[in-house]
Amino acid sequence: QVQLLESGGGSVQAGGSLRLSCAASGGTYSRYSMGWFRQAPGKEREGVAAINYVSSVGRTTYADSVKGRFTISKDNAKNTLYLQMNSLKPEDTAMYYCAGDPGLVLRPLTATSYKSWGQGTQVTVSS
């Protein structure tokens with residue numbers, strides 16, 4: 001199993017941007033499907049974006065709430081997953097987690113699809 005470590009969270013004003021990173025170690029990262037999830041206080045963890053393992057180009061999936069604003073990418077050479085977040089809104093405030101699982105994931109925005117999780121990085125968007 002890979003070990004995952006998120007970074008890049010912080011506080012921004014509405015309309016701003018952040019880029020989250022998730023560094024992976026200890027596994028064959030290129031063969032992992034990866035996802036970003038978030039959890040706000042009192043709410044369930046929700047899938048934000050995912051990139052599924054395929055032999056060539058990864059297929060991406062986004063929650064409707066972030067489509068057109070967030071972009072997920074995976075750099076296999078650097079063993080790093082990214083989430084570029086633009087046009088941030090106060091409702092994007094949450095703890096953000098990256099997750100990974102080897103091979104193809106059938107439900108990429110479902111938390112139970114992934115076995116490896118990072119510790120999370122906080123994103124706070126003020127109005």
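**Exercise 1. Place Asn-79 in the chain of this predicted model, and decide whether it is buried, partly exposed or exposed.**

Solution. Begin with the position: Asn-79 belongs to the loop between strand 7 and strand 8. Next, look at the backbone, where the phi of Asn-79 is near 50 degrees, a positive value in a residue that is not glycine. As a background rule, most residues other than glycine have a negative phi. Finally, take the accessibility: partly exposed residues fall between the limits of 20% and 50%, and Asn-79, with a relative accessible area of 26%, is therefore partly exposed.

**Exercise 2. Carry out the steps of Exercise 1 for Ser-87: where does it lie, and which class of accessibility does it have?**

Solution. Ser-87 is found in the loop between strand 8 and strand 9 (94-102). Its phi is positive, at about 50 degrees, although Ser-87 is not a glycine. Its relative accessibility is 41%, so Ser-87 counts as partly exposed.

**Exercise 3. Describe the sheet that contains strand 7 and strand 8.**

Solution. The sheet is open and has four strands in the order 1-3-8-7, with antiparallel pairing. Its edges are formed by strand 1 (3-7) and strand 7 (70-75), each of which pairs on one side only. On average, neighbouring strands of this sheet are turned by 15 degrees against each other, if direction is ignored. Turning to one pair in detail, strand 7 and strand 8 (residues 80-85) run antiparallel and are joined by six bridges, and Thr-71 stands opposite Gln-84 of strand 8.

**Exercise 4. Which kind of aromatic pair do Phe-37 and Trp-117 form, and which residues make up the aromatic cluster?**

Solution. A pair of aromatic rings is described by the distance of the centres and the angle of the planes. For Phe-37 and Trp-117 the centres are 5.0 Å apart and the planes stand at 55 degrees, so this pair is tilted. The two residues lie 80 residues apart, with Phe-37 in strand 4 (residues 32-39) and Trp-117 in strand 10 (residues 116-117), and the pair thus links distant parts of the chain. Tyr-114 and Trp-117 also form a pair, with 6.5 Å from centre to centre and 80 degrees between the planes, and this one is edge-to-face. Phe-37, Tyr-114 and Trp-117 together form one aromatic cluster. As for accessibility, Phe-37 is buried at 1%, Tyr-114 is buried at 5%, and Trp-117 is partly exposed at 24%.

**Exercise 5. Over which ring does the charged end of Arg-45 sit?**

Solution. The charged end of Arg-45 sits over the ring of Trp-117, 4.8 Å from the ring centre.

Technical notes:
Residues are numbered from 1 along each chain as its sequence is written. This is a predicted model: local features need pLDDT of at least 70, side-chain atom pairs count only at pLDDT 80 or more; totals for chains, interfaces and linings use all residues. Side-chain values use heavy atoms; hydrogens and water are left out. Two strands pair if DSSP finds at least two bridges between them. Axes are lines fitted to C-alpha atoms, for helices over the stretch in contact, and angles run from 0 to 180 degrees between N-to-C directions. Buried means under 20% relative accessible area, exposed over 50%, partly exposed in between (1.4 Å probe, protein chains only). Rings of Phe, Tyr and Trp (its six-membered ring) pair if their centres lie within 6.5 Å; planes under 30 degrees apart count as stacked, over 60 as edge-to-face and the rest as tilted. A charge sits over a ring if NZ of Lys or CZ of Arg is within 6 Å of the ring centre and within 35 degrees of the ring normal.
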